[in-house]
Amino acid sequence: MLHGSKEGTSGADGGELTVPMAWLYAEYIADELLRTGDLMPPTSFEFRAGRDALALTIFLSDTDGELSGIRVVSQLETWLSLTAYDQPWQHWVREHMARLAAQALDENRPSPDLELAEAAWRWLEETELLAPDLDSVPGRGPLPGEEYDGPQVWTPAWQLGLPLGHLAIHLF
């Protein structure tokens, strides 16, 4: 998948095509973790929320730009700690996105990886999904195989996707 170029649309004029491999690989890992956990249908908005939250975590935690298949297993604990319930994940994402944006601006170089990560973050922040309001029914969630017919609340997609991603890592 070609995302953009620095000098036109073909390599013939000396321009270099830029492929967002870091983001695509982070998204692939997140997708595989969620599919392995079999928590949600892959076509659901909840799955997308989990995949995007997990992909952001994977992408932004790769500070050395060395995301590779061999290191995935060694990174699971890091991703678990970043997605844990008591962590300020939303603030962590904002800080890292701002740092990457400033770096791209300083280098005067477009970053297709960052553009895709920003699009995922916008979707996670701006999209709300209807979810069970577990706070209104203390100690009671749906039982396996049972439809939840209790109170529901509109929840930002990242707040639903983050625990889903965290659970997928645990199940891996």
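Start by selecting Glu125: at 30% relative accessibility, this residue counts as partly exposed. The model is a predicted one. Now add Arg94 to the selection. Glu125 and Arg94 form a salt bridge whose closest N and O atoms are 2.7 Å apart. Glu125 sits in helix 5 and Arg94 in helix 4, so the pair links distant parts of the chain, 31 residues apart. Arg94 also counts as partly exposed, at 37% relative accessibility. As general background, side chains of opposite charge can pair when their charged atoms come close.

**Gln90**

Keep Glu125 displayed and select Gln90, which lies in helix 4, residues 89-106. Is Gln90 buried or exposed? Its relative accessibility is 18%, and since the cut-off for buried is under 20%, Gln90 counts as buried. Setting aside neighbours within four places in sequence, Gln90 is in contact with Trp121, Glu125 and Trp158.

**Helix 4**

Select the whole of helix 4 next. With 18 residues at 1.5 Å a residue, helix 4 should span 26 Å, and its end C-alpha atoms are 26 Å apart, in agreement. Colour its buried residues: Trp89, Gln90, Trp92, Val93, His96, Met97, Leu100 and Ala104. Looking down the axis of helix 4, these buried residues fall within an arc of 155 degrees, so they line one face of the helix. Turn to the face directed away from the buried side, and the exposed residues there are Glu95, Leu105 and Asp106.

What do the buried residues of helix 4 pack against? To see this, show helix 2 (45-61), helix 3 (72-83), helix 5 (112-126) and helix 6 (157-171), which are their packing partners. Then step past the end of helix 4 to Asn108, which follows it and has a positive phi, near 50 degrees.

**Helix 5**

Move on to helix 5. Its 15 residues, at 1.5 Å each, should span 21 Å, and the end C-alpha atoms are 21 Å apart, which agrees. The buried residues to mark here are Pro112, Asp113, Leu114, Ala117, Ala120, Trp121, Trp123 and Leu124.

**Trp89 and the core**

Select Trp89 and show its surroundings. Not counting residues up to four places away in sequence, Trp89 touches Ala53, Leu56, Thr57, Leu82, Trp121, Leu124, Trp158 and Leu162. Now widen the view to the largest nonpolar core, which has 34 residues; Leu56, Trp89 and Leu124 are those with the most contacts inside it. The elements giving two or more residues to this core are helix 1, helix 2, helix 3, helix 4, helix 5 and helix 6. Which helix gives the most? Helix 2 does, with eight residues. In soluble globular proteins, nonpolar side chains tend to be buried together.

**Charged pairs at helix 2**

Stay with helix 2 and select Arg51, then Glu27. Their side chains meet in a salt bridge, 3.8 Å from N to O. Arg51 lies in helix 2 and Glu27 in helix 1 (residues 21-37), so this pair ties together parts that are 24 residues apart in sequence. Arg51 counts as buried at 19% relative accessibility, whereas Glu27 is partly exposed, with a relative accessible area of 23%.

Next, select Asp52 and Arg48. These two form a salt bridge in which the closest N and O atoms are 3.5 Å apart. Asp52 and Arg48 are four residues apart in helix 2, so about one helical turn separates them. Asp52 is buried, with a relative accessible area of 3%, while Arg48 counts as partly exposed at 30% relative accessibility.

Finish this stop by showing Glu27, Arg48, Arg51 and Asp52 at once: salt bridges that share partners join them into one network. A search of the whole structure finds five salt bridges.

**The whole chain**

Zoom out to the full chain, which has six helices and four strands. Traced from the N terminus, its elements run β-β-α-α-α-α-α-β-β-α. Of the 172 residues, 38% count as buried. Switch on the surface: the chain exposes about 10,200 Å², and carbon and sulfur atoms supply 54% of that area. For a contact map, take contacts between residues at least 6 apart in sequence; 67% of these join residues at least 24 apart.

Terms used:
Residues numbered from 1 in each chain as written. Predicted model: local features only at pLDDT ≥ 70, side-chain atom pairs only at ≥ 80, totals over all residues. Heavy atoms only, no water. Buried < 20%, exposed > 50% of the residue type's maximum accessible area, 1.4 Å probe, protein only. Contact = heavy atoms within 4.5 Å. Expected span 1.5 Å × (residues − 1). Arc of directions from axis to C-beta. Areas by Shrake-Rupley, 256 points an atom, 1.4 Å probe, with all protein chains shown as cover. Salt bridge = Lys/Arg side-chain N within 4 Å of Asp/Glu carboxyl O. Core = buried A, V, L, I, M, F, W, Y, C linked by side-chain atoms within 4.5 Å.
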